[in-house]
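Biologist: I am new to this structure and should be glad of a guided introduction. Might we look at it together?

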Amino acid sequence: PQPRKTREATPTMFAKCLALAMALTSVTAFAPVKSGSRVASRTAPMMAEMSPSVPFMLMPKYVKDKDAAGMVGDVGFDPLGLAEFFDIKFLREAELKHGRVAMLAIVGIITQEFFHIPGELYQDPNPLTAAAKVGPQVWGQIILFGGFVEAGIYGGGNMQYENMFSDKSRVPGDYGFDPLKLMKEGDPDQYALKEITHCRLAMLAVGGMITQCGVTGTGLYGHTL
């Protein structure tokens with residue numbers, strides 16, 4: 001009877017359609033793939049320029065800035081991305097200032113442990129407790145002196161972030177201070193590189209010194225009252 005043939009043909013037709021779909025799927029697996037997005041996505045990260053100082057991080061964006069071109073001591077180190085928010089010249093100025101203060105601080109920490117001016121308040125070899133004992137009068141003098149130095153450096157003006165580099169030709173950190181005339185004997189970049197290297201080392205070193213004195217409760221070389 002006719003109804004019986006219809007029932008038998010239906011599963012047969014379904015099986016043929018399923019087999020054809022599977023065959024087409026297997027064929028497309030061997031079809032050539034264009035060297036497009038899949039290959040590009042694998043190679044793009046490898047083609048990106050990496051930072052020479054932090055090899056697992058991308059090169060900072062400020063490196064392409066014309067103001068950063070040829071800046072002595074630049075090794076592409078900006079893991080926090082500060083140069084994306086601040087002028088690179090301002091950051092270099094701040095780096096040199098903090099580095100110079102750190103070098104002076106190292107000399108002060110070592111010296112004050114062995115040499116003291118007269119007075120009971122000035123005999124503590126631990127720089128942290130000694131700084132807390134002298135009182136606000138001494139700190140006021142230090143801050144006032146620092147203010148005069150800052151005003152003298154910038155000629156009494158152009159001390160704000162907005163106008164610090166209104167003179168486009170001014171080199172960050174260059175105040176014309178060279179009492180030993182070292183810059184006349186050799187390449188200026190050579191001494192500038194030495195300075196920025198020592199500045200960075202001094203900032204790390206003074207942090208270690210302060211931490212050691214705070215943990216041990218003594219001077220840098222172990223002296224106590």
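Modeller: This is a predicted model, in which local features need pLDDT of at least 70, side-chain atom pairs count only at pLDDT 80 or more, and totals for chains, interfaces and linings use all residues. Residues are numbered from 1 along each chain as its sequence is written, and side-chain values use heavy atoms, leaving out hydrogens and water.

Biologist: What covers the buried residues of H6?

Modeller: Helices here are DSSP runs (H or I, at least four residues), numbered from the N terminus. Buried means under 20% relative accessible area, with a 1.4 Å probe and protein chains only, exposed over 50%, and partly exposed in between. In H6, Ile196, Cys199, Ala202, Val206, Met209 and Cys213 are buried. Their cover, by contact (heavy atoms within 4.5 Å), includes H3 and helix H4 (127-133).

Biologist: Which element supplies the largest share of the largest nonpolar core?

Modeller: A nonpolar core is a set of buried Ala, Val, Leu, Ile, Met, Phe, Trp, Tyr and Cys residues joined through side-chain atoms within 4.5 Å. The largest has eight residues, among them Ile106, Met209 and Leu220. H3 and H6 each supply at least two of its residues, and the largest share, four residues, comes from H6.

Biologist: Why is the pair of Phe114 and Tyr221 described as it is?

Modeller: Rings of Phe, Tyr and Trp (its six-membered ring) pair if their centres lie within 6.5 Å; planes under 30 degrees apart count as stacked, over 60 as edge-to-face and the rest as tilted. The centres of Phe114 and Tyr221 are 5.7 Å apart and their planes lie at 50°, so the pair is tilted.
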